[in-house]
Amino acid sequence: WRHPGLSANTMSHDRTKSDEDAVRVEDPGDEVPLHKQKRVWFGVGGVAVIGALVALIVILTDEDNQTPTPPAPTPPPTSLVAFYNETNGDEWGTNTKWLSDAPVCEWHGLGCNNDDEVVAMYMGGNNLKGSIPSELGLLANLEHLSLADNSMTGSIPSELGLLANLQRIYLDGNSLTGSIPSELGLL
């Protein structure tokens, strides 16, 4: 029997009547008489022990031999930071986890797809004040935008027309001025 990860000249198994379960480990090229060779005795779990020893040797001889450092948190998209700042985020009714180290998919009012991309922003009735930042147009995967029933002012930014995946937009119940940008009509 030979372990698949070891060559024939680094490990052999002697099967004799007197040492039924002895495994002999030898250095390649060394001719050591059988009576002077060290034997390792294993019980029922011998194969598992050999596998564990081989795994331990691989770990100990790994050149890097360092514990991997977890990746740094991904900074939030600038569009979300601008939204928070321009709509008085500190005064929102609920701003749980916004601008924290938590993944943006855990921030209040945001919904994400399986790739952790923001696809929905539900911020209706959340005491938002200020203007809608043009940077929201950078949320390329946004499908649903609800900013209804807040105290938003100013005009609707034409950059929202960049949201090619946008399916629903709710801006009613605010004090927005100006006309609806023609870019939104192209969606």
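**Exercise 1.** Work out whether Asn127 is buried, partly exposed or exposed in this predicted model, then look at its backbone and its place in the chain.

*Solution.* Start with the accessibility: Asn127 has a relative value of 32%. Partly exposed is the class between the 20% and 50% cut-offs, so Asn127 goes down as partly exposed. Next, the backbone. Most residues other than glycine have a negative phi. Asn127 has a positive one, near 65°. Finally, the place: Asn127 sits in the loop that links strand S5 (118-122) with strand S6 (129-130).

**Exercise 2.** Now do the whole thing again for Asp149: which loop holds it, what is its phi, and is it buried or exposed?

*Solution.* Begin with the loop this time. Asp149 lies between strand S7 (144-146) and strand S8 (151-154). Its phi is near 60°, again a positive value in a residue that isn't glycine. For the last step, remember that exposed means over 50% relative accessible area. Asp149 comes in at 51%, so it counts as exposed.

**Exercise 3.** Strands S6 and S8 have each turned up as the end of a loop. Find the sheet they belong to and describe how they pair.

*Solution.* First, write down the strand order: S6-S8-S10, an open sheet of three strands with parallel pairing. Then pick out the edges, which are S6 and strand S10 (175-176), each pairing on one side only. Now zoom in on S6 and S8: they run parallel and are joined by two bridges. To pin the register down to residues, note that Gly130 stands opposite Met152 in S8.

Terms used. Residues numbered from 1 in each chain as written. Predicted model: local features only at pLDDT ≥ 70, side-chain atom pairs only at ≥ 80, totals over all residues. Heavy atoms only, no water. Helix = DSSP H or I, 4+ residues; strand = E, 2+ residues; numbered from the N terminus. Buried < 20%, exposed > 50% of the residue type's maximum accessible area, 1.4 Å probe, protein only. Pairing = 2+ DSSP bridges.
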